[in-house]
Amino acid sequence: MATTHFTYNPIPLPPSADPVHFKDFGRKVEGFDPAKIDDSQMEEIIEMLYKHSILLFKNLKLTPKQQFEMTHAFDPKTESYGHGNNKTGSTKASILHPDLKTIPHQPQVQLIGNGRVPEVYEGLDHPQLKHPHHRTFHKEPVSLEDEENGITRFYRWHIDAALYALSPPKVTTLYAVKVPQGEPQTCRYDDGTGDELKVPLGGTVFVSGKNMFDILPEQYKSLAVRTKVRYAPHPYVWMSKAHALPTGLGIENEGLEMDLEDLPEWDESKIKVFPVCWKNPVTGSLHLQVHPCGAHQLLIDPLPPTSSRENALYPDGATVTDLAQVRDILYKLQRPGISPELCYAQDWEEGDLVLFHNRGLLHSVVGAFTPDQLRMFHQCNLAASDEPLGPDAEDLKTHA
Ligand SMILES: [Fe+2]
């Protein structure tokens with residue numbers, strides 16, 4: 001399709017990013033006016049998002065209603081917020097609960113950020129917001145002294161998804177209303193590699209799930225296309241007492257997950273089993289898409305009979321139920337994909353709108369704010385009307 005409506009330029013990459021891996025990743029869109037959007041313009045935006053994973057719009061004025069409508073255009077058959085709108089009852093213990101404030105007149109749009117809003121805002125009375133701090137989630141947070149020197153962590157690498165009962169949203173839209181100014185910070189991996197990443201204060205870091213797959217050695221690609229992840233029921237409740245790895249890419253093995261019988265009532269039919277690789281509906285590329293924290297079991301298919309068994313991992317297939325082993329396998333598949341040169345950190349300015357392909361990348365917040373630093377974002381995503389597709393027969397022939 002020719003891009004006839006808007007102009008698309010590469011997004012500005014930080015010096016840490018290796019441009020080789022970002023040729024198709026991220027576009028800055030010019031000429032867009034949310035008050036004048038029509039169907040054929042939106043069609044172009046949708047196609048460009050699937051091709052480029054992130055679209056950035058600068059200096060926008062965007063109402064919650066316009067944001068919902070843009071988000072909705074990606075999946076017209078759905079209406080409800082990606083985590084559902086019932087925030088009481090069974091989901092109370094969820095670790096996501098405190099981070100979200102629903103905008104009353106547009107309940108699919110959430111106000112997120114940090115600090116106390118000094119007014120009635122979009123119908124919310126002086127809402128108190130809290131930017132997630134890795135100290136509340138990581139097993140061994142950085143020392144206070146290091147933190148004063150600007151050291152931070154990836155809070156949690158994730159896909160925006162309930163991972164139970166609801167299907168992962170196709171797109172997430174993030175609109176920056178208020179962005180506090182401050183010095184850049186250093187995000188430290190603290191996993192023995194010495195890796196670190198310069199990040200803007202309170203930035204959002206993205207990595208491409210396509211890169212994550214493409215850089216794997218052949219035997220891991222074969223494993224990735226043959227594997228499905230079974231997520232825990234109510235995963236955010238299940239993991240609510242557990243701690244994360246210092247990279248934010250999964251959970252430490254401390255045995256702190258809740259017993260399944262102690263979880264709020266759950267139903268086998270609502271448990272999510274997703275392929276490790278999700279097929280891009282426009283490009284056909286495979287994106288390695290796993291929310292490592294919620295993973296409970298791995299279901300590995302055997303090699304096809306025509307494939308060579310030399311160096312193959314799990315050639316006969318397996319059901320991996322040991323959590324430590326599940327996490328070890330996923331870490332080997334995912335850790336290469338979050339290396340500093342593969343990270344894009346969005347340096348937010350007020351009026352920025354970012355659309356990201358939630359089924360094609362992983363993201364994490366970074367940084368720490370003081371209580372008086374006011375940050376306000378509107379976030380919207382919708383539980384999808386269908387499930388992500390895995391590798392097809394052709395992909396298996398190529399990679400398995
Ligand atoms: Fe998110």
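Both faces of strand 13 are covered in this predicted model. On one side sit Thr204, Phe206 and Ser208, and on the other Val205 and Val207; all are buried. The strand spans residues 204-208, and 5 of its 5 residues are buried.

**Partners of strand 13**

Strands of a sheet pair through backbone hydrogen bonds, either parallel or antiparallel. Strand 13 runs antiparallel to strand 20, which covers residues 344-346. Here Thr204 stands opposite Gln346. Strand 13 also pairs with strand 22, residues 361-365, again in the antiparallel sense. In that pairing, Val207 has Leu362 as its bridge partner.

The table lists these pairings, along with one from the sheet described below.

| Strand pair | Sense | Bridges | A facing pair |
|---|---|---|---|
| 13 and 20 | antiparallel | 3 bridges | Thr204 and Gln346 |
| 13 and 22 | antiparallel | 5 bridges | Val207 and Leu362 |
| 18 and 19 | antiparallel | 3 bridges | Ile300 and Ala318 |

**An open sheet and its helix**

Now turn to an open sheet of 4 strands. Their order is 15-14-18-19, and the pairing is antiparallel. Strand 15 (273-275) and strand 19 (318-320) are the edge strands; each pairs on one side only. On average, neighbouring strands of this sheet are turned by 20° against each other, direction ignored.

Strand 18 covers residues 295-300 and joins strand 19 through 3 bridges. Ile300 has Ala318 of strand 19 as its bridge partner. What packs on the sheet, touching strand 18 and strand 19? Helix 7, residues 323-334, does. The direction of helix 7 makes about 75° with that of strand 18.

Technical notes:
Residues are numbered from 1 along each chain as its sequence is written. This is a predicted model: local features need pLDDT of at least 70, side-chain atom pairs count only at pLDDT 80 or more; totals for chains, interfaces and linings use all residues. A residue is buried if 20 or more other C-beta atoms lie within 10 Å of its own, exposed if 12 or fewer, and partly exposed in between; C-beta atoms are placed from the backbone. Helices (H or I, at least four residues) and strands (E, at least two) are DSSP runs, numbered from the N terminus. Two strands pair if DSSP finds at least two bridges between them. Axes are lines fitted to C-alpha atoms, for helices over the stretch in contact, and angles run from 0 to 180 degrees between N-to-C directions. Two residues are in contact if their C-beta atoms, placed from the backbone, lie within 7 Å.
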